Structure formats: C-alpha cells, structure tokens
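The following questions and answers go through one molecular structure, element by element. Each answer ends on the name or value asked for.

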Amino acid sequence: MTPRQKQILEFLKANGNVQIEALAEMFSMTTQTIRRDVNQLSEQGLARRVHGGVSLPAVLTNTTYQVRFELEADVKQRLAKNVASLIPEGSTVFLGIGTSMAYIAQCLAHYDKLRIVTNNLQVEKVVEGNPNIDVFLAGGLVRSKHQDVVGQSVLGFFEGFEADIGIVGCGSVTASHFAMEYEPIEAEISKAIVANSRESWLLADASKWGRFASSKVCRLSKFSKIFTNKLSLPSDLPVYKVK
C-alpha cells in the first residue's frame, strides 16, 4: 500500500465516501491515477467503488489477514505496548480474535512467566519460541483467512479457565457504546472471554467508531479498561487513551 493510498483510506474513515474528482484535486493528481489507487484498494477489500467515487466497504472481513494486520499498524502497535505494560509477569491472559492480539503477543513474547489462553493462531506463532510462556490453544474450526479458531468448542474452552485478564478487540463500536462483532460466533467468543476474566480489557482504535457490525458483545461500561486513540469518550468510561 502506497502512502497516498493510506491517506485515501484515512480520509474515507473520517468522511465515509468521496468523489474521484475531489481526491484528484486533493492530491494534485489526475483522475486516472486516483482511479488506479482506488481500484487497487478495492481489489484488496479495503474500499468500495460507488458511482463517481469511493467509500469504505460494508465490512473489512473479506480482506486477507496480512492486509488487515497492516491496517492502522502504527496505532495497533502503540495500543499493544500500552496494554502489555499493564500485564504483570505470571498472569493468565485470554487473547481473543483479531489482528491487534498479535501485536500484544509481540510485546509479551519476552516475558519470563506467563500463561496465554487463546483461539488466535497468530498469537501462538508469535510466542511459541519462549519456553517460559505456557500457551493453551483452542480446538475447533480453523478460519485461515482470519487466523483463528471458532465454534461451540471454543466457548467451552474459554469457560474451562479463569483468567486474570481477558483482552478482546471488536469490529465496531456503536453510538450507544456497545462493542460489536461482524459474526455472531465472534461476539459469543468475546462474551466468553469477558465472562471468565477477573478483568476484561477492550482494544478499539478510533476507526471502529466509523464502521458497522451487527452482533453485540457488551456495553463499553462492562470493560475494566478500554484502550483507544479516540479523542472524545464519556468521562465515566475506564479509557486509556493512546495518542
């Protein structure tokens, strides 16, 4: 992804949609050049062509894992570092679905003592080289595109533990402050993590407020900590802001 394409995506997240001519004027480029950028973003599932312009896709789950991993990478890295700095050695930690969990795992990979319970395949790959980290990996249906394991067996798997800290991401956040997921089974897994953790933490970068997902996880007030770079949230929420 080129720097200009990243800027186009950031503009879409802030504004929803834009006309090709407006983008051409914004970047002082020809409309043909902008259309090539838009076509490439559309092919990756990151944008959607509409009449005369471009918008965000209805969902981002049709992209490859690598593309989603790199999306908002700098923000995810900052959030992950903030999260990891608050996890004590020796903890039992649930890590749920989503690319942000792999960034957290990278920050935890050097720990001298830790137990990680997860259905996230990338998390296991990141920390498997450290013999001081015990990893419990769920069994079930493998979703290669998402690099995770889902199904009813995963719900029972998380219910078999009690974690010090359960960490989840989300597909979107509603105006009424509900964390949401795109698929019901994803929401159920996050619910199981929240229900079986002494503390539940949410990672939700600012872009999650500009998307739509239909399956409820829980209200933001249910979480012990919320890590985000969103500038404005109610003061009664336990928000840890990362700039």
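Buried means under 20% relative accessible area, exposed means over 50%, and partly exposed is in between. The model is predicted.

Q: Is threonine 99 buried or exposed?
A: Threonine 99 is in the loop between β4 (92-95) and α6 (100-108). Its relative accessible area is 7%. The cut-off for buried is under 20%, so threonine 99 is buried.

Q: Which side chain does a polar contact join to that of threonine 99?
A: Leaving aside neighbours within four places in sequence, threonine 99 is in contact with Tyr65, Arg68, Phe69 and Lys76. A polar contact of 2.7 Å joins the side chain of threonine 99 to that of lysine 76.

Q: Why is the pair of phenylalanine 157 and phenylalanine 161 edge-to-face?
A: Planes over 60 degrees apart count as edge-to-face, provided that the ring centres lie within 6.5 Å. The centres of phenylalanine 157 and phenylalanine 161 are 5.4 Å apart, and the pair is edge-to-face because the planes are at 65°.

Q: How many residues apart in sequence are the parts that the pair of phenylalanine 94 and phenylalanine 158 ties together?
A: By the ring-centre rule there are seven aromatic pairs. Phenylalanine 94 and phenylalanine 158 form an edge-to-face pair, with 5.0 Å centre to centre and 75° between the planes. Phenylalanine 94 lies in strand β4 and phenylalanine 158 in helix α8 (residues 152-159), so the parts tied together are 64 residues apart in sequence.

Q: Which residues form one aromatic cluster?
A: Phenylalanine 94 and phenylalanine 158 are both buried. Phenylalanine 157 is buried as well, at a relative accessible area of 17%, and phenylalanine 161 counts as buried at 18%. The members of the one aromatic cluster are Phe94, Phe136, Phe157, Phe158 and Phe161.

Q: Why is strand β9 (residues 163-168) largely enclosed by the rest of the structure?
A: Strand β9 has six residues, and it is largely enclosed because the number of them that are buried is five.

Q: Which residue of β12 stands opposite glycine 166?
A: Three bridges join β4 to β9 in the parallel sense, and the bridge partner of phenylalanine 94 in β9 is glycine 166. β9 also pairs with strand β12 (residues 197-203), again parallel, over five bridges. Opposite glycine 166 in β12 stands serine 200.

Q: Which are the edge strands of the open sheet in the order β10-β11-β13?
A: Three strands form this open sheet, and the pairing is antiparallel. Strand β11 (residues 178-181) and β13 pair over four bridges. An edge strand pairs on one side only, and here the edge strands are β10 (172-173) and β13 (215-219).

Q: Over which ring does the charged end of lysine 216 sit?
A: Lysine 216 is in β13, where methionine 180 stands opposite. The charged end of lysine 216 is 4.2 Å from the centre of the ring it sits over, and that ring belongs to phenylalanine 178.

Q: At about what angle to β13 does helix α9 (residues 184-195) run?
A: Helix α9 lies across β11 and β13. With respect to β13, helix α9 runs at about 25°.

Q: What is the bridge partner of asparagine 17 in β3?
A: The strand order β1-β3-β2 describes an open, antiparallel sheet of three strands. Its edge strands are β1 (17-19) and β2 (48-50), and its twist averages 25° from one strand to the next. β1 and strand β3 (residues 53-55) are joined by three bridges. In β3, asparagine 17 is partnered by serine 55.

Q: At about what angle to β2 does helix α3 (residues 31-43) run?
A: Helix α1 (residues 3-15) lies across β1 and β3, at about 120° to β1. Helix α3 lies across β2 and β3, and with respect to β2 it runs at about 130°.

Q: How far apart in space are glycine 210 and isoleucine 133, C-alpha to C-alpha?
A: Glycine 210 is in the loop between β12 and β13 and counts as partly exposed at 47% relative accessibility. Glycine 210 and isoleucine 133 are 77 residues apart in sequence. In space, their C-alpha to C-alpha distance is 36 Å.

Note on methods. Residues numbered from 1 in each chain as written. Predicted model: local features only at pLDDT ≥ 70, side-chain atom pairs only at ≥ 80, totals over all residues. Heavy atoms only, no water. Helix = DSSP H or I, 4+ residues; strand = E, 2+ residues; numbered from the N terminus. Buried < 20%, exposed > 50% of the residue type's maximum accessible area, 1.4 Å probe, protein only. Polar contact = N/O pair within 3.5 Å; in protein donor to acceptor, adjacent residues only side chain to side chain. Contact = heavy atoms within 4.5 Å. Pairing = 2+ DSSP bridges. Axes fitted to C-alpha atoms, helices over the stretch in contact; angles between N-to-C directions. Phe/Tyr/Trp six-rings, centres within 6.5 Å; stacked < 30°, edge-to-face > 60°. Lys NZ or Arg CZ within 6 Å of the ring centre and 35° of its normal.
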